[in-house]
Each structure stands twice: as structure tokens, then as C-alpha cells.
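Subject: Structure handover

Hello,

Here is the structure I promised to pass on. Please open it alongside this note, and then read on for what turned up.

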Amino acid sequence: MSVIPPPPRPLQQFFRSGPMPCPYLPGRVERKLFTRLSTPYASEVNSTLSRAGFRRSHDIVYRPVCPGCSACVPVRIPVADFQPGRSMRKILKANADLSVAEVPAIATHEQFRLFHAYQSSRHGDSDMARMSLGDYSAMVDEGRAETCLFEVRDRRDRLVGAILTDRLRDGLSAVYSFYDADQEKRSLGTFMILSLVAQSLGEGIPYVYLGYWIRNSRKMAYKARFQPLEALGPDGWFRLGLDDLTQAPATATP
């Protein structure tokens, strides 16, 4: 009896973007290597490329390939070894009244209202602050790769935070988070990452992927507070030491 072999999997095509101003470091030029996610292989491609330092946005998975600069360092938290410091323990205590629940990756009006308020407060001059409900829905819906949302609610069931998350083979990837910027004392951004760490521990998943750490960017340098932290270098993933966090050059020849 003959067996009909399965059709061959299509090759994954990669492209390089043109030069654009860097959104994180003034005076720098950004270029990206990217590919598109397509079903039925979206989850597999996303997991494989995330381990290689790529990030997802909509249906695009990309990695910076900027000439003469290696400031964007892919980082992840090894959750089994993670120990929250004193300040993070205070954040967990301050938010003990909040609940975190996983929900399907479906855009809602409630989420969009919080998203829009967050962008207006924190990133009012950015393109994301001008996103419509349709744009937000596209961010949630496009390029699904085992994607979900973790919603954070207070005791009155008000939505105070949300984090779009991809499930990878070896971890959870924090794609994008937003929260009630008026509740600054809660440090909701940090709390949501700590919630992903707890979720990963509960499921026996080894890593939480945080995207890129950029030492000289105020928007991205905060990730160094999560210790221990692993980074992707030329020889693979390694544990970042104190010297790496404080003395690593912002630019280098690839």
C-alpha cells in the first residue's frame, strides 16, 4: 500500500526594511529583518524565532539589524530562579486586591478605552495614541500565535490593566501591555510582568520573554530590574551579570 506524503511546508521568506529613525535612541537609524506569520505554522514560527531574538507585532515577526549598533538586546526571565526584590514584593503586596485572569485574544471596547487613555497619558505624541478601535482590534487579532490576553481587574471589576501575550514552546512572551496610568503608585506595568512570572511558574513554563532591553533608553531600561535576567548574544542565551547591566556598550559592530 502506498502512502501519499504530506505536501512540503512552504519556505519562510525574510525581508529587510528600509532605514528609519530609531524610536528609542535619538540620532540612530533603525533597520529590521522581518517575516510574516501565516497559518497553520504561526505558533511554530513564532516560538522558533522568539528563541532567536525576534519579536512579534501584528502578523510581523522582526529583529533589529541596525548598521553599527547592537543596543537592542533580547532578554528573558528564567522564572525558576527569579526572586522578587524588596521593591517588587511591595508592589505585589500593594496589588493584592487585584485579580488577574486569562481571556481570549478578542478586542473589546473596555480594553480600547483603557488602551487609548494609557497612550494619551504616556505616549501622547506617538502613532499609537492616534489608533482607532479598528487599529487596536487589528493589533490584537492579527498574527495570532497561541495568543491570549491577561486582564487585571480591581474589586469593583474595573479593568485596570491588560497584557497581550503569546504562548511559546518554552515560555510566555509579553507582546504589549497597557494600564491605568492614573494609578501610578501601584506600578501596574511591573505587577503585570510579575503576574506572567507567577503564571509561568504555575504552568511549569521556564521563561518569560520581555523583548528588547536597551540600556540607554528610559522606555526599555526598566527590564534590567527583573533579576536574574538572560540575554541573547552571539553564542546563545547567557545570564546577565551586574557588569553587563551597568557597563555594556550601547553600540557595537555586529
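First, some terms. Two strands pair if DSSP finds at least two bridges between them. Helices (H or I, at least four residues) and strands (E, at least two) are DSSP runs, numbered from the N terminus.

Please note that this is a predicted model, where local features need pLDDT of at least 70, side-chain atom pairs count only at pLDDT 80 or more, and totals for chains, interfaces and linings use all residues. Residues are numbered from 1 along each chain as its sequence is written, and side-chain values use heavy atoms, with hydrogens and water left out.

The eight-stranded sheet

This sheet is open, with mixed pairing and the order 8-9-10-11-12-7-13-14. Strand 8 (99-104) and strand 14 (236-239) are at its edges; each has a single partner strand, so one side of each lacks a neighbour in the sheet. From one strand to the next, the twist averages 35° (axes are lines fitted to C-alpha atoms, for helices over the stretch in contact; angles run from 0 to 180 degrees between N-to-C directions).

Strand 11 (residues 171-179) and strand 12 (residues 207-213) run parallel, joined by three bridges. Leucine 172 sits opposite valine 208 of strand 12.

Helix 3 (residues 109-122) packs on this sheet. Helix 3 touches strand 9 (147-153), strand 10 (159-167) and strand 11 (contact means heavy atoms within 4.5 Å). Its direction makes about 75° with that of strand 11.

The four-stranded sheet

This open sheet has antiparallel pairing and the order 1-4-6-5. Strand 1 (15-16) and strand 5 (55-57) are the edge strands, each pairing on one side only. Five bridges link strand 4 (residues 32-36) to strand 6 (residues 60-64), and the two run antiparallel. Leucine 33 has arginine 63 in strand 6 as its bridge partner.

Best wishes
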